[in-house]
Amino acid sequence: MHGANLTYDILTKSRNPSAIESLTAGLCDSDSQTRTRSLRTLVARSDTRSCEVILKHWNELDCDLIDPRTVQQRPMAEAVETALREDGDMVLAAIDAAERFQLFTTIPKLILLAESHANEVVKKRAGDAVLQLVEPLGQHARFRRDRTMIRGPVMSRLVDSMERFSSHGNEVLVEAFLVASAWGDHELRRFIDQRGPIADLV
């Protein structure tokens, strides 16, 4: 077992492309322990390509085995944002990963998908992911533990989405705005004081 531990430690840090190839093969191994360790090693690596492999195999993986605290946030966010932007076969996997790993930097792109994506499944999943992602931000703000560096840009995008409501009509995004808000927020008070459909929704 010690030898196996050392092997996976090496694979976590190795820059050799064959390391990713070995771990990718491990995801499909017949031995469950090998599959688990390969998955956990991939998420612990600090390169975007490893994260792309995870997204590609997302529907075949037991992602409950991943401790979100071990995920390398920057490369995972980069891989997810690329998949969301390219809007191909991995878009639903990317939305799931954004939500599961709390990739707050992906929220602006998720908002756009929730507003206007042609596929209703993608549109709904993106909206639901935004709602889940902003919940802890709103909780922190209301208890005066505001994560301003994260919440500020998110609130700006949600405000923009609120102002586009007549175009997209997605009430989940209105709910996300409310969930992310604190009572002292200027924009929240502004929408409440306005007359019209947005004020009625708020």
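The crossing of helices α8 and α11 is left-handed in this predicted model. The two helices pack at an angle of about 15°, and their axes lie 7 Å apart; the angle falls under 35 degrees, which makes α8 roughly parallel to α11. On the side of α8, which covers residues 120–142, the contact is formed by Gly127, Asp128, Val130, Leu131, Val134, Glu135, Gly138 and Arg142. The partner residues on α11, a helix that covers residues 171–180, are Val172, Leu173, Glu175, Ala176, Leu178, Val179 and Ala180.

A further packing partner of α8 is helix α7, residues 107–116, whose axis is 7 Å from that of α8 and is set against it at an angle of about 140°. The two helices are therefore oblique to each other, since the class of roughly antiparallel is kept for angles over 145 degrees. The crossing of α7 and α8 is again a left-handed one. In this pair, Ile107, Leu110, Ile111, Leu113, Ala114, Glu115 and Ser116 are the residues contributed by α7, and they meet Lys123, Ala126, Gly127, Ala129, Val130, Leu133 and Val134 of α8. Gly127, Val130 and Val134 of α8 thus appear in the contact with α7 and also in the contact with α11.

These helices belong to a chain that contains 13 helices and zero strands, so that the order of elements from the N terminus on is an unbroken run of α. The C-alpha trace spans about 65 × 40 × 25 Å along its principal axes. Of the 202 residues in the chain, 44% are buried. When contacts between residues at least 6 apart in sequence are considered, 65% of them join residues at least 24 apart.

In soluble globular proteins, nonpolar side chains tend to be buried together. In the present chain, the largest nonpolar core comprises 59 residues, and Val80, Ile95, Leu110, Val130 and Leu158 are those with the most contacts inside it. Helix α8 gives the most to this core, supplying eight residues. One of the residues with the most contacts in the core, Val130, is also part of the α8 surface that meets α7 and of the surface that meets α11, whereas Leu110 takes part in the contact between α7 and α8 from the side of α7.

The surroundings of Leu158 connect several of these elements. With neighbours within four places in sequence left aside, Leu158 is in contact with Ile111, Val130, Val134, Leu173, Ala176, Phe177 and Ala180. Among these residues, Ile111 belongs to the α7 side of the contact with α8, while Val130 and Val134 of α8 and Leu173, Ala176 and Ala180 of α11 also take part in the packing of α8 with α11.

Ser156 is likewise placed in helix α9, residues 148–163, and at 39% relative accessibility this serine counts as partly exposed. Ser156 is separated from Pro68 by 88 residues in sequence and by 26 Å in space, taken from C-alpha to C-alpha.

The disulfide count comes to zero. Cys51 is in no disulfide, and its nearest cysteine sulfur, which belongs to Cys63, is 12 Å away, beyond the limit of 2.5 Å for such a pair. Cys63 is in no disulfide either, the sulfur of Cys51 being the nearest at 12 Å. Cys51 counts as buried because its relative accessibility is 0%, and Cys63, at 6%, also counts as buried, both values being under 20%.

How values were computed:
Residues numbered from 1 in each chain as written. Predicted model: local features only at pLDDT ≥ 70, side-chain atom pairs only at ≥ 80, totals over all residues. Heavy atoms only, no water. Core = buried A, V, L, I, M, F, W, Y, C linked by side-chain atoms within 4.5 Å. Buried < 20%, exposed > 50% of the residue type's maximum accessible area, 1.4 Å probe, protein only. Helix = DSSP H or I, 4+ residues; strand = E, 2+ residues; numbered from the N terminus. Contact = heavy atoms within 4.5 Å. Axes fitted to C-alpha atoms, helices over the stretch in contact; angles between N-to-C directions. Parallel < 35°, antiparallel > 145°, perpendicular 65-115°, else oblique. Left-handed = near helix turned anticlockwise from the far one by under 90°.
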